[in-house]
Amino acid sequence: PHLTPPIRCSLHSAAGQVRLLSPRLLHVIVHIRASFGFIRAVVLLRQANVREFAWEMMWLSTLAAVTAVTFGLLISALYTRRLVKPIMGMAETAMQIARGDLSRRVEVHGRNELSDLGSIFNDMADSLERQTTQLINEKARIRSIHQSIGDGIIVVDRGGVIVSVNPAAERLLNKTAKEIER
């Protein structure tokens, strides 16, 4: 085949070069790998086609970037919700325990840091409930002993305020517990 001088000159140029042959024609030098080595080729393109192709590639790249960012935000939102929901559940359960409902526990699912935290939280709540029950039982036992003793007993706190009066003290003072505590 007959090659024009500019194209023949292009075959000796480095790969990746782009030259303007005329106001409407571009040529691009490329290397193509083959089983026997490299082939140097010249690709002739009309400038109008190149511009149209560049615009299409720009819009496709922009669309791909917007899609990737949207998909990333969606995944982030779902993952954040997956993390925040158990933490919010723990906070709600902690508030209910603080209000006195010691029977409340958090749901534990899976094997990760949040499930470990949930298990530890439940262990803490079990211990708190057990200790509170022991204190209530001990207080009831002491109150029972206090109320059944034949000697008059008046219990005061550190500030000297009367907190309890047993029936024997009421009889000795000839007053009710409410009258004595005033």
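How many Å² does the protein chain expose, and what share of that do carbon and sulfur atoms supply? With the whole chain displayed as a surface, the exposed area is about 14,400 Å², and carbon and sulfur atoms supply 62% of it. The model is a predicted one.

**The whole chain**

Please change to a cartoon display and begin at the N terminus. The protein chain contains five helices and five strands, and these elements follow one another in the order α-β-β-β-α-α-β-β-α-α. Next, colour the residues by burial: of the 182 residues in the chain, 16% count as buried. If contacts are drawn between residues at least 6 apart in sequence, 20% of them join residues at least 24 apart.

**The largest nonpolar core**

Select Met90, Ile97, Leu102, Val106, Phe121 and Ala125 and show their side chains. These six residues form the largest nonpolar core. The elements that contribute two or more residues to this core are α2, spanning 47–98, and α3, spanning 113–148. In soluble globular proteins, nonpolar side chains tend to be buried together.

Now centre the view on Met90, a member of this core. Which residues does Met90 touch, leaving aside those up to four places away in sequence? Its partners are Val106, Leu114, Leu117, Gly118 and Phe121. Val106 and Phe121 also belong to the core itself.

**The largest pocket**

Return to the surface display and locate the largest pocket, whose volume is about 550 Å³. Its lining comprises 20 residues. To find its centre, select Arg82, Lys85, Pro86, Glu107 and His109, the lining residues closest to that point. The elements that supply two or more residues to the lining are α2 and α3. Of the elements, α2 gives the most, with nine residues.

Colouring the lining by residue class is a useful next step. How many of the lining residues are nonpolar, polar and charged? The lining divides into seven nonpolar, six polar and seven charged residues.

**Asn174**

Finally, move along the chain to Asn174. This residue is found in the loop between α4, at 167–173, and α5, at 177–181. Display its backbone: phi of Asn174 is near 55°, a positive value in a residue other than glycine. Is Asn174 buried or exposed? Asn174 has a relative accessible area of 70%; exposed means over 50%, and Asn174 therefore counts as exposed.

How values were computed. Residues numbered from 1 in each chain as written. Predicted model: local features only at pLDDT ≥ 70, side-chain atom pairs only at ≥ 80, totals over all residues. Heavy atoms only, no water. Core = buried A, V, L, I, M, F, W, Y, C linked by side-chain atoms within 4.5 Å. Buried < 20%, exposed > 50% of the residue type's maximum accessible area, 1.4 Å probe, protein only. Helix = DSSP H or I, 4+ residues; strand = E, 2+ residues; numbered from the N terminus. Contact = heavy atoms within 4.5 Å. 1 Å grid on protein atoms, 1.4 Å probe; cavity = no way out; pocket = protein on both sides within 12 Å on 5 of 7 lines; lining within 4 Å. Points joined across faces, edges and corners; volume = space filled by probe spheres on them. Nonpolar A, V, L, I, M, F, W, Y, C, P; charged D, E, K, R; others polar. Areas by Shrake-Rupley, 256 points an atom, 1.4 Å probe, with all protein chains shown as cover.
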